[in-house]
Amino acid sequence: MARTKAEPTRILILGGGYVGLYTALGLQRKLRSGEASVTVIDPQPHMTYQPFLPEAAAGAIEPRHVVVPLRRTLKRCHVITARATKVEHARKVVTIEAGDGHQEELGYDVLVVALGSVARLLPIPGLAEHGVSFKTIGEAIYLRNHVLTKLDQADSTLDPDLRRKLLTFTFVGGGFAGIEALGELEDMARFATQYYKNISADDLRFVLVEAAGRVLPEVRESLGVYTVMQLEKRGIEVYLSTLAKSFEDGHVVLSDGTEFDSDTIVWTAGVKSNPVLANSDLPLTKQGRLRASASMRVEGLTDAWTAGDCAAVPDLSRTPEDPTAICAPNAQNAVRQARLLAKNIVTALRGNEPKDYYHKNLGSVASLGLHQGVGDIMNFKAKGFIAWSMHRAYHVKAMPTFNRKVRITLDWLTGGLFRREVISMGQINDPKAEFARVSKG
């Protein structure tokens with residue numbers, strides 16, 4: 001049945017991450033009553049603020065506080081917990097798959113593609129079986145419990161080789177995600193050893209493997225060198241210009257010939273565009289990102305928009321020197337793009353011209369563990385406690401909703417008063433194991 005002019009415009013947002021949440025928030029604030037309906041599709045019922053995942057994994061923040069519930073926050077939007085599997089813009093239809101496995105088609109008038117990125121896995125033997133990524137709250141909670149469980153197991157084993165394997169933690173990838181995860185989890189594990197009679201901090205072995213010749217490419221090279229020096233002072237082994245060749249059976253083989261056993265392999269070596277984009281009729285770059293204009297319209301279309309990690313939005317702050325420059329896939333751009341995107345969509349619905357996205361990178365800050373950090377902000381180099389404080393201040397400001405800002409701040413205050421908890425709840429990774437054991441008895 002044909003739609004009438006009186007019906008509201010149907011806006012469909014694919015993805016509930018940075019771009020999806022902030023765009024939907026902006027639309028529900030700016031749209032007039034009856035002007036448009038907004039539907040958000042995401043496999044998870046929440047948005048994850050990924051910069052806080054390392055602190056959630058280390059116990060500095062309650063894991064529930066780094067996620068924002070979509071239904072509670074987007075009260076004027078329709079939220080569907082499902083996964084988009086196909087986009088047919090020629091028909092203006094998206095195919096989604098719900099949790100129970102059934103599929104259905106959803107029609108729309110305006111499409112917003114905010115699917116973000118996924119972990120980029122390489123064909124390394126053993127990686128799929130033994131590696132774990134660090135992009136979701138589930139993975140952060142799993143790693144926290146996993147690391148503490150390994151300490152429990154190592155404390156009670158009499159096998160020295162097994163003990164060495166249990167206490168060896170390998171991180172692959174020297175970008176922000178890898179460095180922050182490594183710094184926070186190493187700090188947590190070292191703190192936890194004081195409660196074990198048979199384990200000391202010197203027994204822990206943390207290893208960082210990076211294919212490039214430096215870490216933290218988002219900051220100036222001197223700060224990358226400083227970061228490596230700080231990690232090595234803590235006893236962390238750093239392998240630069242080194243590839244991981246195999247992880248079979250937990251046996252790590254590096255390209256320089258180094259071999260060792262490790263029961264924990266964390267993979268943060270890059271991301272790629274969501275594979276759903278390849279199953280669409282939208283224009284893509286060679287890297288698989290959506291081609292977009294500076295106003296964040298999908299190239300050649302007036303009723304499709306995109307932003308964030310999955311979008312190749314021109315970086316107008318750099319195009320005078322490099323006409324092919326596109327915005328970096330980071331949280332800073334995603335949040336700012338989404339806020340303008342909501343305004344642009346409303347502007348276009350009302351027959352006016354949208355604005356181009358322009359943002360000059362202000363810099364980056366990273367946490368290396370409690371009271372330790374590194375930052376490169378507006379040509380100012382920050383190290384140690386100052387950088388760590390700037391990291392916390394910036395991200396609590398950027399955290400969506402006042403509710404979550406307060407909860408995270410209170411987590412930090414109580415953590416400072418009573419110190420962090422280092423309790424393993426590894427049973428949540430296999431909650432039916434005990435039930436199955438007693439049922440056999």
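Two strands count as paired here if DSSP finds at least two bridges between them. With that in hand, let's walk through this model, which is a predicted one.

Start with strand 1 (residues 9-14) and strand 2 (residues 36-42), which run parallel and are joined by six bridges. Within that pairing, Ile11 sits opposite Val38 of strand 2. Two helices lie against the sheet here. Helix 1 (residues 18-30) packs on it and touches both strand 1 and strand 2, with a direction at about 155 degrees to that of strand 1. Helix 9 (residues 331-349) packs on the sheet too, and its contacts take in strand 1, strand 2, strand 8 (110-113) and strand 20. The angle between the directions of helix 9 and strand 20 is about 165 degrees.

Now step back to the whole sheet. It's an open one of seven strands, in the order 7-6-5-2-1-8-20, and the pairing is mixed. Strand 7 (103-107) and strand 20 (304-306) are the edges, each with pairing on one side only. Going from one strand to the next, the twist averages 35 degrees.

Next up is strand 11 (residues 168-172), which is a well-covered piece of chain: five of its five residues are buried. Which residues point to which side? Thr168, Thr170 and Val172 are on one side, Phe169 and Phe171 are on the other, and they are all buried, so to speak of the strand is to speak of two covered faces.

Strand 11 also has strand partners. Five bridges tie it to strand 12 (residues 205-209), in parallel, and across that pairing Phe169 has Phe206 as its bridge partner. Strand 17 (residues 264-267) pairs with strand 11 as well, again in the parallel sense, over four bridges; there, Thr170 stands opposite Ile265. If you follow the chain from strand 11 through helix 7 (residues 176-192) into strand 12, you trace a right-handed β-α-β unit.

Phe171 deserves a second look. Leaving aside residues up to four places away in sequence, Phe171 touches Gly178, Ala181, Leu182, Leu185, Phe206, Val207, Leu208, Val209 and Val266. It also belongs to the largest nonpolar core, which has 94 residues; Ile11, Leu27, Leu74 and Phe171 are the ones that touch the most other members. Apart from that core lies another, of 21 residues, with Leu12, Ile41, Val113 and Val276 among them.

What about helix 5 (residues 137-156)? At 1.5 Å a residue, its 20 residues should span 28 Å, and the end C-alpha atoms are 29 Å apart, so the two values agree. The buried residues of helix 5 include Ile137, Ala140, Leu143, Val147, Leu151 and Ala154. An α-helix has 3.6 residues a turn, so residues three or four places apart point the same way. The buried set isn't limited to those, though: Arg144, Asn145, His146, Leu148, Thr149 and Lys150 are buried in helix 5 too.

Last stop: an open sheet of three antiparallel strands, in the order 22-23-24. Its edges are strand 22 (363-369) and strand 24 (380-383), each of which pairs on one side only. Neighbouring strands in this sheet are turned against each other by 5 degrees on average, direction ignored. Strand 23 (residues 372-377) pairs with strand 24 in the antiparallel sense over four bridges, and Val374 has Lys383 of strand 24 as its bridge partner.

Technical notes. Residues numbered from 1 in each chain as written. Predicted model: local features only at pLDDT ≥ 70, side-chain atom pairs only at ≥ 80, totals over all residues. Heavy atoms only, no water. Buried < 20%, exposed > 50% of the residue type's maximum accessible area, 1.4 Å probe, protein only. Right-handed = clockwise from strand over helix to strand, strands pointing away. Core = buried A, V, L, I, M, F, W, Y, C linked by side-chain atoms within 4.5 Å. Contact = heavy atoms within 4.5 Å. Axes fitted to C-alpha atoms, helices over the stretch in contact; angles between N-to-C directions. Expected span 1.5 Å × (residues − 1).
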